[in-house]
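Me: I am new to this structure. Please take one helix and walk me through it closely, with enough of the whole chain to place it.

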Amino acid sequence: METGEPNELCEQCGLCCRIFGPGIEPAPENLYTWMEQGRKDVLSWFVAFREGREPVRCVDMKPEDLSDVVAVELRDPVTGSFVTVCPFLRRISKSRYLCGIHAIKPVMCGNYRPWIWGETGFGRCPALRAMDSRCQYPK
Ligand code: SF4
Ligand code: SF4
């Protein structure tokens, strides 16, 4: 999920995004930023589950609604169904992918580095494989 940062170890193969992308969960600060920036194109892809309330489309929420959010999930804005691929993933060549919302991507995507101990393990990550699957220690 480091697509978009060519100076890091990530090879931008897009594999982690293709496999884990449908399960991304933006943090409340991500939702707040998207609201402040008027990014309805991004917000429309998410549904929030709030304490003791019915699920609500994030595009219909206000910043003051964020305090009781317990979970956020990707949903197709037209059908309301689960998605099978992250809608923000962009294929730019045969084997290279970029994040279409790189500058404002969810915190969990921006922090994801499978070659660091303690991060979510992903043995198929080519950057990790290039290191003989030996993770680095956090700096
Ligand atoms: S699987 Fe690894 S190399 Fe490929 S995009 Fe994800 S982090 Fe980058
Ligand atoms: S939001 Fe961007 S980094 Fe996160 S899964 Fe989708 S394409 Fe990958």
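Reply: First, a definition: helices here are DSSP runs of H or I, at least four residues long, numbered from the N terminus. Keep in mind that the model is predicted.

Now the setting. The protein chain has 5 helices and 5 strands. Along the sequence they run α-α-α-β-β-β-β-β-α-α. The C-alpha trace spans about 45 × 30 × 25 Å along its principal axes. Of the 139 residues, 27% count as buried. Among contacts with a separation of 6 or more, 51% join residues 24 or more positions apart.

The part to look at is helix α2, residues 28-36. Which of its residues are buried? They are Asn-30, Leu-31 and Trp-34. These buried residues cover an arc of only 100° around the axis, which puts them on the same side of α2. The helix geometry helps here. An α-helix has 3.6 residues a turn, so residues three or four places apart point the same way.

What does the buried side meet? The buried residues of α2 pack against three elements: α3 (40-43), β3 (69-74) and α4 (107-110).

Now turn to the other face. The face of α2 turned away from the buried side carries Glu-29 and Glu-36, and both are exposed.

Finally, follow the chain out of the helix. Just after α2 comes Gly-38, with a positive phi of about 65°.

So the picture of α2 has two faces: Asn-30, Leu-31 and Trp-34 are buried, while Glu-29 and Glu-36 are exposed on the face turned away.

Definitions and conventions. Residues numbered from 1 in each chain as written. Chains lettered and ligands numbered in written order. Predicted model: local features only at pLDDT ≥ 70, side-chain atom pairs only at ≥ 80, totals over all residues. Buried ≥ 20, exposed ≤ 12 C-beta atoms within 10 Å, placed from the backbone. Contact = placed C-beta atoms within 7 Å. Arc of directions from axis to C-beta.
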